[in-house]
Amino acid sequence: MTDSTKRNRKKGRLFVLSGPSGVGKGTLRQHALNNVPNLKYSISCTTRKPRDGETDGVEYRFISHGKFKEDIAGNLFLEYAHVHEDFYGTLKADVVNELEKGNDVLLEIDVQGALQVKQKMPDAVLIFVAPPGIEELKRRLTGRHTENDKSINVRLNNALKELELKDKYDYVIVNDDLDSACEELRKLIL
Ligand code: 5GP
């Protein structure tokens with residue numbers, strides 16, 4: 001690519017998706033990635049252990065606490081946060097490289113991280129996915145059988161705190177009907 005084509009190429013936009021655990025963010029994210037051209041997902045780093053079926057470098061980069069601390073000290077994260085019981089963070093270089101290439105980037109991160117991103121990159125579009133109600137969220141979290149009771153309670157308590165911050169987002173999508181919520185997100189990004 002010549003210097004002038006690089007200069008003329010439009011920078012991509014950054015979209016940040018948040019919402020309580022179990023609200024369906026993963027499905028919405030995948031639908032957007034499958035249906036919006038040039039939308040890239042930034043794979044986060046985490047100190048959480050992989051769940052059954054998860055692969056390093058696909059769902060997350062699974063790293064040790066020591067490595068996470070090193071990367072914080074090296075200023076490698078665009079944002080990071082302690083979520084539930086582990087650390088999660090987005091690598092700055094991943095996001096910036098894709099935006100520079102002209103691709104749009106989607107992050108799926110928690111509320112603390114989303115607010116850090118908005119502070120550093122005010123043009124980022126923050127989208128909050130809300131459940132139709134807390135009872136429904138509890139039902140979904142219990143039904144997916146990926147967490148034990150303690151973990152479910154931690155996630156439900158965090159959900160209540162996250163819901164209080166949804167007004168700080170640019171858009172709120174209520175995931176009552178999954179197909180409509182997927183379509184709403186796709187249109188919003190497009
Ligand atoms: P899970 O452990 O269920 O995959 O994710 C737990 C929470 O961590 C979710 O709310 C998810 O959005 C959030 N999360 C995942 N990656 C990141 C990240 O890079 N930064 C922040 N701040 N949160 C993240």
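In this report, helices (H or I, at least four residues) and strands (E, at least two) are DSSP runs, numbered from the N terminus. The structure is a predicted model.

**The mixed sheet**

An open sheet is built from 4 strands in the order S4-S3-S6-S5, and its pairing is mixed. Its edges are strand S4 (61-62) and strand S5 (77-83); each has a single partner strand, so one side of each has no neighbour in the sheet. Strand S3 (residues 45-46) pairs with S4 in the parallel sense, over 2 bridges. Within this pairing, Phe62 of S4 is the bridge partner of Thr46.

Two helices pack on this sheet. Helix H3 (residues 65-73) touches S3, S5 and strand S6 (86-91), and the direction of H3 makes about 140° with that of S5. Helix H4 (residues 92-101) touches S4, S5 and S6; here the direction of the helix makes about 30° with that of S6.

Aromatic rings also connect H3 with this sheet. The model has 7 aromatic pairs. One of them is formed by Phe68 and Phe87, with 5.5 Å from centre to centre and 35° between the planes. This pair is classed as tilted, because that class takes the plane angles that are neither under 30 degrees nor over 60. Phe68 belongs to helix H3 and Phe87 to strand S6; with these positions 19 residues apart in numbering, the pair links distant parts of the chain.

**The parallel sheet**

A further open sheet has 5 strands, in the order S2-S7-S1-S8-S9, and its pairing is parallel. Strand S2 (39-41) and strand S9 (171-174) occupy the edges; because each has a single partner strand, one side of each is left without a neighbour in the sheet. On average, neighbouring strands of this sheet are turned by 25° against each other, direction ignored. Strand S1 (residues 14-18) and strand S7 (residues 104-108) are joined in the parallel sense by 4 bridges. In that pairing, Leu14 has Val105 of S7 as its bridge partner. Helix H8 lies across S1, S2, strand S8 (125-130) and S9, and runs at about 160° to S9.

**Packing of H2 against H8**

H8 also meets another helix. Helix H2 (residues 25-35) packs with helix H8 (residues 178-189) at an angle of about 50°, the axes being 9 Å apart. H2 is therefore oblique to H8. The crossing in which H2 passes H8 is right-handed. On the H2 side, the contact is made by Thr27, Leu28, Arg29, His31, Ala32 and Asn35. The H8 side contributes Leu178, Ala181, Cys182, Glu183, Leu185, Arg186 and Ile189. Sorted by class, the contact of H2 with H8 comprises 7 nonpolar, 3 polar and 3 charged residues.

**Positive phi values in loops**

Asn38 has a positive phi although this residue is not glycine, and the same description applies to His84. Asn38 is in the loop between H2 and S2, whereas His84 is in the loop between S5 and S6. The table sets out both residues.

| Residue | Loop | Phi |
|---|---|---|
| Asn38 | between H2 and S2 | near 60° |
| His84 | between S5 and S6 | near 55° |

The loop with Asn38 follows H2, the helix that packs with H8, and leads to S2, an edge strand of the parallel sheet. The loop with His84 joins S5, an edge strand of the mixed sheet, to S6, the strand that carries Phe87.

Terms used: Residues are numbered from 1 along each chain as its sequence is written. This is a predicted model: local features need pLDDT of at least 70, side-chain atom pairs count only at pLDDT 80 or more; totals for chains, interfaces and linings use all residues. Side-chain values use heavy atoms; hydrogens and water are left out. Axes are lines fitted to C-alpha atoms, for helices over the stretch in contact, and angles run from 0 to 180 degrees between N-to-C directions. Angles under 35 degrees count as roughly parallel, over 145 as roughly antiparallel, 65 to 115 as roughly perpendicular and the rest as oblique. A crossing is left-handed if the near helix is turned anticlockwise from the far one by less than a right angle, and right-handed if clockwise. Contact means heavy atoms within 4.5 Å. Ala, Val, Leu, Ile, Met, Phe, Trp, Tyr, Cys and Pro count as nonpolar, Asp, Glu, Lys and Arg as charged, and the others, Gly among them, as polar. Two strands pair if DSSP finds at least two bridges between them. Rings of Phe, Tyr and Trp (its six-membered ring) pair if their centres lie within 6.5 Å; planes under 30 degrees apart count as stacked, over 60 as edge-to-face and the rest as tilted.
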